[in-house]
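Let's take a tour of how some helices pack together and where empty space is left. Have the structure open while you read.

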Amino acid sequence: MAVKIILLVVFFSVMIGVGFYSRRKARNVNDYVLGGRTVGPWITAFAFGTSYFSSVVFIGYAGQFGWKYGLSSTWIGLGNAMIGSLLAWLVLGRRTRVMTQKLEARTMPEYFGKRFDSKALRVVGSVIAFVFLVPYTASVYNGLSRLFGMAFSIDYHVCIVIMALLTGVYVVVGGYMATALNDFIQGIIMLIGIAAVIIAVLNGQGGFLEAVKKLSEVEVDAAVTAAPLLGSKGLFASFFGPDPLNLLGVVVLTSLGTWGLPQMVHKFYTIKDEKAVRTGTIVSTFFAIVISGGCYFLGGFARLFSGADIYKPDGTVAYDSIVPAMLSTLPDLLIGIVVVLVFSASMSTLSSLVLTSSSTLTLDLIKPLIAKNMKEKTQLSLMRILVIAFIALSVILAFNPPMFIAQLMGISWGALAGAFLAPFMFGLYSKKITKASVWASYIFGVGFTVVNMIHPMIKSPINAGAFTMLVGLIIVPVISLITPKPDKALIDDIFSCYEETVVVHKSESLEEEK
């Protein structure tokens, strides 16, 4: 217990220290929200990765999908790395940085408002972002609190309050730069921690080969897949697992979803230069392979830990208890490392979420609607107050979460990415995307998610979320074809940012000699 407490005290002290160190770099709105657009390559890459992966992945997703799909759940981690990180940087990174600087946009709703010349799109976008970031935040609290309770036998509610207070302190004080610097530190902890945990857990099962052998002997039950495969052995240790179609839905949601999440895309706004783009692409992809791939690989052995601790009184599996049960037998030092690992993952995601929500509400809702001439100092103060309010609201929801972590996150990601992904991406590349198509994407993404919560047409919130994203990619170009085209002069001016000439050294780019 002493080891665990010492590790946490050191961790908390560093996080808060970084917050106060960064205070001098958060003197205006641009610095507080974007770090002055001067964030270097490694910090940007780690900020992207640590905001992507939180306790939701480590506790909620790894446990639930590892239980359902076995070792094939590792595909989710690889999808996160290739689609959610590598392709996201290649497709969105540079263009997002260039266009948002041209538009002087600091948030995703502000981008929509200026790119499509619509104050209403900006305001409604800010409401969507705020409302659906709350359940995501609650799911992060939920995941961490379960692990914290296992390690320290502390009440779930106390864990949530402690975490909320710590996150609030360094975000309120230091803004984005504090968040980014802490993300870098937390990312290093996560890389070391996940490797140590995987080795320790597999050693407890007699090593990798013995663990795979045991997993291959587990029969498929009715809760996992349809009758034709019922009772089969070996599927949990196979390439595609017992339910490849539903596995594909999870890959789509958790990988493509990052392209439309405000707190993820926001990282591209802050890029310093071309070097940050190149380095960020490589480093964030490597980070995702290790962290996400490692989490799902570890979760793939969940069936080997089917003790009484993971079952609810009615006999069903409590998915959020699986990973804590897997870790409960580790030595105290390793449990301490795991707690710091998941704390790192969760606090980095939380800080990103609360900063995104508070800045969006201030800049995209309150300022344009209520106080158009709000002073810079007032905006900063209001954002800090809203950070506290957002944390408090998500804590209330986390006290009594309505469903498993994975489902809670699926609803949040489905609505946000379903509404934002397609118009954001197409808006970076095409001059033909119309205002009406953005409205259509908003309405479908949020509307389908809400209706499906009340009257499930697609039972799994995960698959429902994936469906909204994919349909959005069809809706936006189709609606743009049949609705009035945007003002040509305005659009040409916006896209002129991509045509500006820059001069670089030959070490950066080859040029033919005349």
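## Helix 3 meets helix 12

Start with one pair: helix 3 crosses helix 12 in a right-handed way. Keep in mind that this is a predicted model. Helix 3 covers residues 41-52, and its axis lies 8 Å from that of helix 12, at an angle of about 40 degrees. That angle makes helix 3 oblique to helix 12.

Who does the touching? On the helix 3 side, look for Pro-41, Trp-42, Ala-45, Phe-46, Phe-48, Gly-49 and Thr-50. Helix 12 answers with Lys-275, Ala-276, Thr-279, Gly-280, Val-283, Ser-284 and Phe-287. Sorted by class, this contact has eight nonpolar residues, five polar ones and one charged.

## Helix 17 meets helix 18

Now go to residues 435-454, which form helix 17, and residues 461-482, which form helix 18. Their axes are 9 Å apart and the packing angle is about 155 degrees. Angles over 145 degrees count as roughly antiparallel, so helix 17 is roughly antiparallel to helix 18. Here, too, you'll find a right-handed crossing.

Helix 17 brings residues including Ala-436, Ala-440, Phe-444, Gly-445 and Phe-448 to the contact, while those from helix 18 include Phe-467, Val-471, Ile-475 and Ile-479. How many residues of each class take part in the contact of helix 17 with helix 18? There are ten nonpolar and seven polar residues, and no charged ones.

## The largest pocket

Next, some empty space. The largest pocket holds about 650 Å³. It is lined by 20 residues, and the closest to its centre are Arg-94, Val-98, Asp-273, Glu-274 and Val-502.

Helix 5 (74-103) and helix 12 (274-299) each give at least two residues to this lining. Helix 5 has the largest share, with six residues. Check the classes as well: eleven lining residues are charged, seven are nonpolar and two are polar.

## Closed-off spaces

The structure also has three cavities of 30 Å³ or more. The second largest has about 40 Å³ of space. Around this second largest cavity you'll find Arg-106, Thr-107, Met-108, Pro-109, Pro-262, His-266, Tyr-269, Thr-356, Ser-359 and Thr-360.

Which elements give two or more residues to that lining? They are helix 6 (108-115), helix 11 (262-269) and helix 14 (332-369). The lining of the second largest cavity splits into four nonpolar, five polar and one charged residue.

Conventions: Residues numbered from 1 in each chain as written. Predicted model: local features only at pLDDT ≥ 70, side-chain atom pairs only at ≥ 80, totals over all residues. Heavy atoms only, no water. Axes fitted to C-alpha atoms, helices over the stretch in contact; angles between N-to-C directions. Helix = DSSP H or I, 4+ residues; strand = E, 2+ residues; numbered from the N terminus. Parallel < 35°, antiparallel > 145°, perpendicular 65-115°, else oblique. Left-handed = near helix turned anticlockwise from the far one by under 90°. Contact = heavy atoms within 4.5 Å. Nonpolar A, V, L, I, M, F, W, Y, C, P; charged D, E, K, R; others polar. 1 Å grid on protein atoms, 1.4 Å probe; cavity = no way out; pocket = protein on both sides within 12 Å on 5 of 7 lines; lining within 4 Å. Points joined across faces, edges and corners; volume = space filled by probe spheres on them.
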